[in-house]
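Subject: Structure for your files

Hello,

Here is the structure I said I would send. My notes on it follow below.

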Amino acid sequence: MDTIRFGRTGLQVSRLCLGCMSYGAPDQGNHAWTLPEAASRPFLKKALDLGINFFDTANVYSAGTSEEIVGRALADYAPRDEVVVATKVNGRMRPGPNGAGLSRKAILAEIDQSLKRLSMDHVDLYQIHRWDYATPIEETMEALHDVVKAGKARYIGASSMYAWQFAKAQAVAERHGWTPFVSMQNYLNLLYREEQREMLPLCRDQGVAVIPWSPMARGRLTRDWDSASARAETDDFGRTLYASTAEADRKVVEAVAGVAAARGVPRAQVALAWVLQQPGVTAPIVGATKVEHLDDAVAALALKLTPEEIAALEAPYLPHAVVGFS
């Protein structure tokens, strides 16, 4: 497993990041497809065995139980200094006016709760899960800066927002001498390429690490268009991501199938290889609930698509409405 510099920082991460949303108590939160702890641990162990050192979770995943599972497994399987652990803040964790968001009160409370669930004294990357329209960005950036200076996070990052919002946050941090974001976790795959317009060029220009979520479009790029999965049938958020250009999306899925058949490889490898070859992408976040998911992800690192194959994969795409920011 190759490692790569995390943006302009000195941090080195594996070329793939294991997304841990699929690991958590199924009866907690709104992710009924998640794997309980006993079923989750083999995936975390295999990821480490494959050379993956980068793990991403969030406080809101399965009401915090994802953080608990990830923390216990990593403590058993790897020295703390050998792994890079990321989590997120913003989602609702409890009822009441301060149980969600990016206020100073919420951030300082939630970092402590995340560290408690992870059984760690710090995370390597603390990310805002979305933009908080109710809180001044100055308040958010100063609170995050204080989290870093307190030693509770090594770096901070952001996720899914407009490029102007990300630029504004960075400008606020620079103006006040606060810690800037070093990464952007955005939504990017062959079925959703709107990030190529503004966010990806901004991140390349500023040396910001890019760690896309759902690089295989929640599995849609890995199977026939009309086939279903248990997750797809219960994934309310996922259904909001693919609605406006269904016919064009189907043609993209068929193009992936065509390239995969010609290469004699699974579709997942083709879909992920495309993301890996996008300029500026640091480490796609991959989910795994079957052993072959991790095998395909690692194999995609060696699959180099030709310009002709990339053109064939991209040709059917039509612009989409902006989604994934809330």
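**Two buried loop residues**

A217 counts as buried, with a relative accessibility of 0%. A217 sits in the loop that runs between β9 (209-210) and α7 (230-234). Its phi is near 55°, which is a positive value in a residue other than glycine. Please keep in mind that this is a predicted model.

S160 is also a residue other than glycine with a positive phi, here near 30°. The loop that holds S160 lies between β7 (153-159) and α5 (163-176). Is S160 buried or exposed? The relative accessible area of S160 is 1%, and under 20% counts as buried, so S160 is buried.

**The chain as a whole**

The chain has 12 helices and 10 strands. Its radius of gyration is 19 Å, and the globule rule gives 20 Å for 326 residues; the two values are close, so the chain is as compact as a globular protein of that length. Along the principal axes, the C-alpha atoms fill a box of roughly 55 × 45 × 40 Å.

Buried residues make up 55% of the 326 in the chain. Among contacts with a separation of 6 or more, 79% are between residues 24 or more positions apart. The accessible surface is about 13,400 Å², and carbon and sulfur atoms account for 52% of that surface.

On charge, there are 35 positive and 38 negative side chains. The centres of these two sets are 2 Å apart.

**Nonpolar cores**

Which residues have the most contacts inside the largest nonpolar core? They are L18, F55 and M141, in a core of 82 residues. Helix α10 (residues 267-276) supplies the largest share of this core, with eight residues. Separate from this core is another one of 13 residues, including F6, L11, V13 and V84.

F55 is a useful place to start if you want to look at the packing on screen. Setting aside neighbours within four places in sequence, F55 contacts C17, L18 and C20, then L44, A47 and L48, and also L74, V83, V84, V85 and A86. Two of these names appear above: L18 is listed with F55 for the most contacts inside the largest core, while V84 belongs to the core of 13 residues.

Regards

Key:
Residues numbered from 1 in each chain as written. Predicted model: local features only at pLDDT ≥ 70, side-chain atom pairs only at ≥ 80, totals over all residues. Heavy atoms only, no water. Helix = DSSP H or I, 4+ residues; strand = E, 2+ residues; numbered from the N terminus. Rg over C-alpha atoms; globule rule 2.2 N^0.38 Å. Buried < 20%, exposed > 50% of the residue type's maximum accessible area, 1.4 Å probe, protein only. Contact = heavy atoms within 4.5 Å. Areas by Shrake-Rupley, 256 points an atom, 1.4 Å probe, with all protein chains shown as cover. Lys, Arg positive; Asp, Glu negative; His and termini not counted. Charge placed at Lys NZ, Arg CZ, Asp CG, Glu CD. Core = buried A, V, L, I, M, F, W, Y, C linked by side-chain atoms within 4.5 Å.
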